[in-house]
4 protein chains.
Amino acid sequence: MEPLRTVIVGGSGYAGGEFLRLALGHPYLDVVQVTSRRYLRQPVSFVHPNLRGQTNLKFSDPEHLEEADLIVLGLPHGVAAQNFDYYKEKAPYIIDLSADFRLKTLELYERFYGAHPRPDLLAQFAYANPEINAEAIKNANWLAGAGCTATATLLGLYPLYAQGLVARHAVFVTVMVGSSAAGAEPSPAGHHPERSGALRVYKPTGHRHTAEVIDYLPGTPEVHMTAVATERIRGILMTAQVFIPDGFSEQDVWQAYREFYADKPFVRLVKQRRGIHRYPDPKVVTGSNYADVGFELEPDTGRLVVISAIDNLVKGTAGHAIQALNLRMGWDERTGLEFPGLHP
Amino acid sequence: MEPLRTVIVGGSGYAGGEFLRLALGHPYLDVVQVTSRRYLRQPVSFVHPNLRGQTNLKFSDPEHLEEADLIVLGLPHGVAAQNFDYYKEKAPYIIDLSADFRLKTLELYERFYGAHPRPDLLAQFAYANPEINAEAIKNANWLAGAGCTATATLLGLYPLYAQGLVARHAVFVTVMVGSSAAGAEPSPAGHHPERSGALRVYKPTGHRHTAEVIDYLPGTPEVHMTAVATERIRGILMTAQVFIPDGFSEQDVWQAYREFYADKPFVRLVKQRRGIHRYPDPKVVTGSNYADVGFELEPDTGRLVVISAIDNLVKGTAGHAIQALNLRMGWDERTGLEFPGLHP
Amino acid sequence: MEPLRTVIVGGSGYAGGEFLRLALGHPYLDVVQVTSRRYLRQPVSFVHPNLRGQTNLKFSDPEHLEEADLIVLGLPHGVAAQNFDYYKEKAPYIIDLSADFRLKTLELYERFYGAHPRPDLLAQFAYANPEINAEAIKNANWLAGAGCTATATLLGLYPLYAQGLVARHAVFVTVMVGSSAAGAEPSPAGHHPERSGALRVYKPTGHRHTAEVIDYLPGTPEVHMTAVATERIRGILMTAQVFIPDGFSEQDVWQAYREFYADKPFVRLVKQRRGIHRYPDPKVVTGSNYADVGFELEPDTGRLVVISAIDNLVKGTAGHAIQALNLRMGWDERTGLEFPGLHP
Amino acid sequence: MEPLRTVIVGGSGYAGGEFLRLALGHPYLDVVQVTSRRYLRQPVSFVHPNLRGQTNLKFSDPEHLEEADLIVLGLPHGVAAQNFDYYKEKAPYIIDLSADFRLKTLELYERFYGAHPRPDLLAQFAYANPEINAEAIKNANWLAGAGCTATATLLGLYPLYAQGLVARHAVFVTVMVGSSAAGAEPSPAGHHPERSGALRVYKPTGHRHTAEVIDYLPGTPEVHMTAVATERIRGILMTAQVFIPDGFSEQDVWQAYREFYADKPFVRLVKQRRGIHRYPDPKVVTGSNYADVGFELEPDTGRLVVISAIDNLVKGTAGHAIQALNLRMGWDERTGLEFPGLHP
């Protein structure tokens, strides 16, 4: 098979850099161009030092894209939509890692982001969450990479909602997020002496990724999300509180998860009685494409605590997108995503 | 004034060590004995290296307590109750830092801890949370130090419940806790390579400190607590989700907090529109006795996110107890607790 | 005693902020003004959240300084020298925390920093290291705060050089430094995702603080310094390798340190045979004004490994300066510097 | 090609666990047994949670080893030597990851470790550092895995000594080491509240890995090593101070490194004028088998600061051993070691 000629636009950021790392190890992707205005003509390893010895690519000008099979857009929110007519001429397959085309419901976009620059394009994108949207992905040429906290939340909650295991309407979600999710641009909030050691609530209400959760969770539930910045660089821990209906047991919850994720290679159910690794922990999945999902039921109240953990840059961004691309192209879903993570 | 001759039983642990540090800087406390079986005859600074040059005390035998004015018990849960008849002969004032005498409701103790070894003593202890239990503290000789996550939760929620600002019955509490809360004993869960970088849900349901929150929050609400271990050594971040009743506004919430904490020197209301320190963060209060409390209201749903931050060893344990002692003895509440914390 | 009316110029940085924190707790200092161009009219606690409830001061304009007894300059290197004629009219006592007036030897300044804007002033400043320069400090109105890595190094090595305990000419110094030493300004190097977890050699050779060590160490030795950035926010660990002359023993080294630091309240000799706190560790002195100093002798080679640890913002900057001021004013050297640090 | 049937003895530790992770991804290794007394019959993922979904292996009894092609020993120092007659009957190829057979010079072993239990076996082992000992490795059936700090030091210094670029006899080495190097056993020194944030000199002199450096560096130089424990979990940063002979320049140093490492796929020369990644940093190589090596010359003194960085569990232990095995078996040296590390 001829590998896809791949161009990464916005390759100096963390999302684009992570896509680049994974693409360089992917047997069917051939990265021919990586762009960055700021680092023009610098080796990509100047910014991403892990790629020393992996590639001789240098950053080039985003105004002069090569013809390619696949364009990956790692741009600030809004930019992909504004320039989309240019990109779509350059390659048949497009993956946009921004929030521009993630939502199917325009009203939700407007409520959380404001006016959409290109609402006409929304319907042509497939939301690139392979666990819950595989059929659409297989039939789309344009993929919209999912938001990292949305992915952690959706993978934790989807089976429950899909199978009617939620009793009350509201779900309370707390996402604890690493610093890389805020991007590569230095800022007062990200300055090491300020951020290191912080446990900082940065979005008590109104987190934009809430829109995706509402849009894709069956039944349009009331989703209350609170986001906390943590010491980690990579990783999201999601905890959610819901109530299961009367008459249902832990066994039913197990079964819902087991069935839903039976053939999903990147979701692992983690729930042990003993040991220090009883529940999902983002430390364990760092660098990998796994989403670990677990839960605990409070027997006398029916409260179910759902726990999920992902690496925000892999399963939360670039790995998730490559998994969707694998699906779209008919390749093994796991291609290029084999790294299992480290211990300790 | 003659300082109180003070004996600390169990001084090699983190709670006892923190009490020792604060007592050494307290003008009305004179520490005459610190006990530890394991470190018998070692200088206290062998275990607590910050105390080098602060004191020449050595650990002595807990079986041979000196006569004192004040005994502070920093023992594993259950031990203080079992030996209480011995301790009460040795000094008129006793502070127990364990969970043994925290609850006023025996049923709650039994539900969360099992059978109580000395239920007869419960009524004679005052729960040592000076912000919500000042009158009882002023009239008690025996003080029961409050649990750290309970203090973070109670200080965040009490004004709302006291003033009828909670609409639905249930409250969802997430506590993110530093590693010192698990104590000084090495363990697989606390081994640095395993714990460092972990975001580990360790009590999704059934956290014992829930009992205190239920016991002291007005109206005995339904409290759902989930506890997460974080990278920090010290510190608790508490977030809680409640709904305020229809017709109430952010102004009403402000007023409830302002009134309740008007004359409480160690609670600071933290809620800024701008900057990186908009909400309470345990990093900011490390080493200090402050509890920072803030909130954000989701206007269209009435969901109120309450946020509080404390140092689990100071406001969560030893500092809180000294503040209660100050109150009991008629000293300025802030005596010996002046350290403001560091930035950055 | 009337407290000194104190003005802090450049109070939004880490050095100025730390001086402010300590001055607010100092019984003989009354901070009347704190300046910052960027945060004009903001409360100082907007930048330094630990000072909430400690003061109502707001940042004011550095162009309009009040008359004062003491001006403290926390400015970028070079600025204090350029504007010195303005400052010296405003107050009789001046503490400059920058490198502008630290060196007594102009040639060393020129070699490490370039041309000096005001060489005429150098001789009128006392280098504010109270352990090695007390007499000069007691007689000076203008104090030049010492560099943080220079202080760690000088306190570790001075007694050896003063007492002829160094055999070969060269000393090899490695300083491991926290991120706050690079200042409060966001930068790519200080961005949390980049800096967290890094062990980054940032000055293999040519570190500017080398100049101070050469200038103040007896005998002008050959000093080779390598500087490494670490995960810590605060703290410097200094290790130095020297050789003691033939015929000298560990006892002689002990004696040299003991005698030299006999009456120095902020230097602690740390050298234990057992336990986990056998040598100085910056973790232990965080927030305190202590410099811990220890050593180990390799018996068969005469190599002496000297180890020292300080908090770069306290003993390395603001606390050290206040200690010098205490000395100058005839106050107890420890005034306002009592905080012992935390464990754990 | 038939993969090697591989048995890992002592698979619950960090060295054995890392070998297991790499072996599971290695196309020519088939792990048939992993032993652990403590975790008998537990899934290996109970201890190594990153291996969930990677394997169904359970820990088995080290007394009942299966016949195999390769035995990997991840045992406490001394145990492999004592039981070696048992192991050597079980498989033709043996990799010992302990210090038992690393040294070729018995006197050095005795000086640093004491009496050797099986000195007769020393000569039959090849020291498994593929960059400096490739010929011996290709001809040996028994490989002795190199020590982690020794590998960091040797890879930094070997080209200089091999090519006569060191002027004075002595070299001063500082190794900054992550907590995983101390092993998986909980201990007071490794307890998170004590270890987190520590910069702890744990071996100022006498570090055992010094023996390997002396033994394998050409010319048996005087090696002075000081070891510091850092906040990292994985990683070693090594800095060394040497002097190059008069008349040599930076160009000569470059050339020595370039020539020596020309065909070594896992050593990268890292030395940039600009940017935040100018020198080797263990953060960059985490999880990878790379050793990054760089240097800076102090022009006027001839002092050369050599810097190297590795992951102690990969290039410092398991990856290095697999690289040697690849060499021994005639496979591509990089087989199974492709992971490039992460950024950020």
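The following legends describe close-up views of a predicted model.

**Figure 1. Overall fold of chain A.** Chain A contains 12 helices and 14 strands. Its radius of gyration is 20 Å, close to the 20 Å that the globule rule gives for 344 residues, so chain A is as compact as a globular protein of that length. The C-alpha trace of chain A spans about 60 × 45 × 40 Å along its principal axes. Of the 344 residues, 68% count as buried. Among contacts between residues at least 6 apart in sequence, 70% join residues at least 24 apart. The average pLDDT of chain A is 97, and 100% of the residues score at least 70. For the complex, the predictor gives an ipTM of 0.96 and a pTM of 0.97.

**Figure 2. Surroundings of C148(A), listed by UniProt under "active site" in an unreviewed entry.** C148(A) is placed in helix α7 of chain A, which covers residues 148-162. The residue counts as buried because its relative accessibility is 12%, below the 20% cut-off. Leaving aside residues up to four places away in sequence, C148(A) touches A181(A), H209(A), I236(A), I310(A), N312(A) and G316(A). One of these contacts, N312(A), is also among the positions that UniProt gives for "binding site" in an unreviewed entry.

**Figure 3. Residues of chain A recorded under "binding site".** The unreviewed UniProt entry places this feature at S12(A), G13(A), Y14(A), A15(A), S36(A), R37(A), R38(A) and N312(A). These positions span 301 residues in sequence, and the farthest two C-alpha atoms are 24.7 Å apart, so they do not all gather at one spot. A15(A) belongs to helix α1, residues 14-24 of chain A. With a relative accessible area of 23%, A15(A) is partly exposed. Its contacts, not counting residues up to four places away in sequence, are L97(A), L313(A), T317(A) and A318(A).

**Figure 4. Close-up of S36(A), another position in the "binding site" record.** S36(A) is found in the loop between β2 (29-35) and α2 (44-47) of chain A. The relative accessibility of S36(A) is 5%, so the residue counts as buried. Beyond residues up to four places away in sequence, S36(A) touches S12(A), F59(A), S60(A) and P62(A). Of these contacts, S12(A) is itself listed in the "binding site" record.

**Figure 5. Stacked tyrosines in helix α5 of chains B and D.** Over all chains, the count comes to 74 aromatic pairs. In chain B, the ring centres of Y109(B) and Y113(B) are 4.7 Å apart and the planes lie at 20 degrees, so this pair is stacked. Both residues lie in helix α5 (residues 106-113) of chain B, four residues apart, about one turn of the helix. Y109(B) is buried, with a relative accessible area of 6%, and Y113(B) also counts as buried, at 17% relative accessibility. In chain D, Y109(D) and Y113(D) form a stacked aromatic pair, with 4.7 Å centre to centre and 15 degrees between the planes. Y109(D) and Y113(D) lie in helix α5 (residues 106-113) of chain D, four residues apart, and both are buried.

**Figure 6. Aromatic cluster in chain A and lysines over rings in chain B.** One aromatic cluster is formed by Y158(A), W254(A), Y257(A), F260(A), Y261(A) and F295(A). In chain B, K264(B) lies over the face of F260(B), at 4.9 Å from the ring centre. The charged end of K271(B) sits over the ring of F295(B), 4.8 Å from its centre.

Notes: Residues numbered from 1 in each chain as written. Chains lettered and ligands numbered in written order. Predicted model: local features only at pLDDT ≥ 70, side-chain atom pairs only at ≥ 80, totals over all residues. Heavy atoms only, no water. UniProt positions renumbered as here; feature names shortened; annotations may be inferred. Helix = DSSP H or I, 4+ residues; strand = E, 2+ residues; numbered from the N terminus. Buried < 20%, exposed > 50% of the residue type's maximum accessible area, 1.4 Å probe, protein only. Contact = heavy atoms within 4.5 Å. Phe/Tyr/Trp six-rings, centres within 6.5 Å; stacked < 30°, edge-to-face > 60°. Lys NZ or Arg CZ within 6 Å of the ring centre and 35° of its normal. pLDDT = per-residue confidence, 0-100. Rg over C-alpha atoms; globule rule 2.2 N^0.38 Å.
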